[in-house]
Amino acid sequence: MSPENFERLCQRVLRELGFLNVEVTQRSNDGGIDGQGLIRLGGVLSFHVVFQAKRYQGSVGSSIVRDFRGAMIGRADKGLILTTGSFTREARREANRDGAPPIDLIDGNEFAEKLKELKLGVEIELIEKVKVKKEWFVNF
């Protein structure tokens, strides 16, 4: 999947999770922000959320979180980074650093769980396999 397609997949997931007006930003001059949307809580509170989609096989480090925070400050109430990979311990620490706006992180495992939960592009098939142990029955 191309990085652009992953951004659109993140857009779809966020819409399915209840975000409103989710848009992927234009590639040029996005300032590290791949998309934005609005989340309403209880029909009372609204938060403008920006997101970054990282199609990684490895780990997203703390510098990515720091750079994203710099890009989101003044543009949104909340930030979210979604990746196909994982986050380093330092990245998780940076996302929740005291005195800085917190950033929510969704790693590849959590992303896959959301795809399962929302039934987006996946089918869940439970298979029970029974194997008879013939040697066990010989003694009867």
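This passage describes the fold, the central sheet and the aromatic pairs of a predicted model.

The secondary structure of the protein chain comprises five helices and seven strands. Read from the N terminus, the order of elements is α-β-β-β-β-α-β-β-α-β-α-α. The radius of gyration is 20 Å, whereas the globule rule gives 14 Å for 140 residues; the chain is therefore more spread out than a compact globule. The C-alpha trace spans about 75 × 35 × 30 Å along its principal axes. Of the 140 residues, 35% are buried. The accessible surface amounts to about 9400 Å². Carbon and sulfur atoms contribute 49% of that surface. Among contacts with a separation of 6 or more, 56% join residues that lie 24 or more positions apart.

Five of the strands assemble into an open sheet. Their order across the sheet is E1-E2-E3-E5-E7, and the pairing is mixed. Strand E1 (20-24) and strand E7 (103-106) occupy the edges. Each has a single partner strand, so one side of each is left without a neighbour in the sheet. On average, neighbouring strands are turned by 25° against each other, direction ignored.

The pairings can be followed across the sheet from E1. Strand E1 pairs with strand E2 (residues 35-41) in the antiparallel sense, over three bridges. Here Glu 23 has Gln 36 in E2 as its bridge partner. Strand E2 also pairs with strand E3 (residues 45-54), again in the antiparallel sense. This second pairing runs over seven bridges. Within the pairing, Ile 39 stands opposite Phe 47 in E3. Strands E2 and E3 form a hairpin, with three residues between them. One residue of the turn, Gly 42, has a positive phi of about 60°.

On the other side of the hairpin pairing, the sense changes. Strands E3 and E5 pair in the parallel sense over six bridges. Ala 53 stands opposite Leu 82 in E5. The sheet thus holds both senses of pairing, in keeping with its mixed description. Helix H4 (residues 108-118) lies across strand E5 (78-83) and E7. Helix H4 runs at about 75° to E7.

Aromatic pairs were then examined. A pair of aromatic rings is described by the distance of the centres and the angle of the planes. A search of the whole structure finds two such pairs. In one, the rings of Phe 6 and Phe 111 have their centres 5.3 Å apart. Their planes stand at 55°, so the pair is tilted. Phe 6 belongs to helix H1 (residues 3-16), and Phe 111 belongs to helix H4. The pair therefore ties together parts that are 105 residues apart in sequence. Both Phe 6 and Phe 111 are buried. Helix H4, which lies across E5 and E7, is thus also linked to helix H1 through this ring pair.

The other pair is formed by Trp 136 and Phe 137. The centres of these rings are 5.0 Å apart. Their planes stand at 80°, so the pair is edge-to-face. Phe 137 is partly exposed, because its relative accessible area of 49% falls between the cut-offs of 20% for buried and 50% for exposed. Phe 6 and Phe 111, by contrast, are buried.

Definitions and conventions: Residues are numbered from 1 along each chain as its sequence is written. This is a predicted model: local features need pLDDT of at least 70, side-chain atom pairs count only at pLDDT 80 or more; totals for chains, interfaces and linings use all residues. Side-chain values use heavy atoms; hydrogens and water are left out. Two strands pair if DSSP finds at least two bridges between them. Helices (H or I, at least four residues) and strands (E, at least two) are DSSP runs, numbered from the N terminus. Axes are lines fitted to C-alpha atoms, for helices over the stretch in contact, and angles run from 0 to 180 degrees between N-to-C directions. Contact means heavy atoms within 4.5 Å. The radius of gyration is taken over C-alpha atoms; the globule rule is 2.2 Å times the number of residues to the power 0.38. Buried means under 20% relative accessible area, exposed over 50%, partly exposed in between (1.4 Å probe, protein chains only). Accessible areas come from the Shrake-Rupley method with a 1.4 Å probe; for residues, only the protein chains shown count as cover. Rings of Phe, Tyr and Trp (its six-membered ring) pair if their centres lie within 6.5 Å; planes under 30 degrees apart count as stacked, over 60 as edge-to-face and the rest as tilted.
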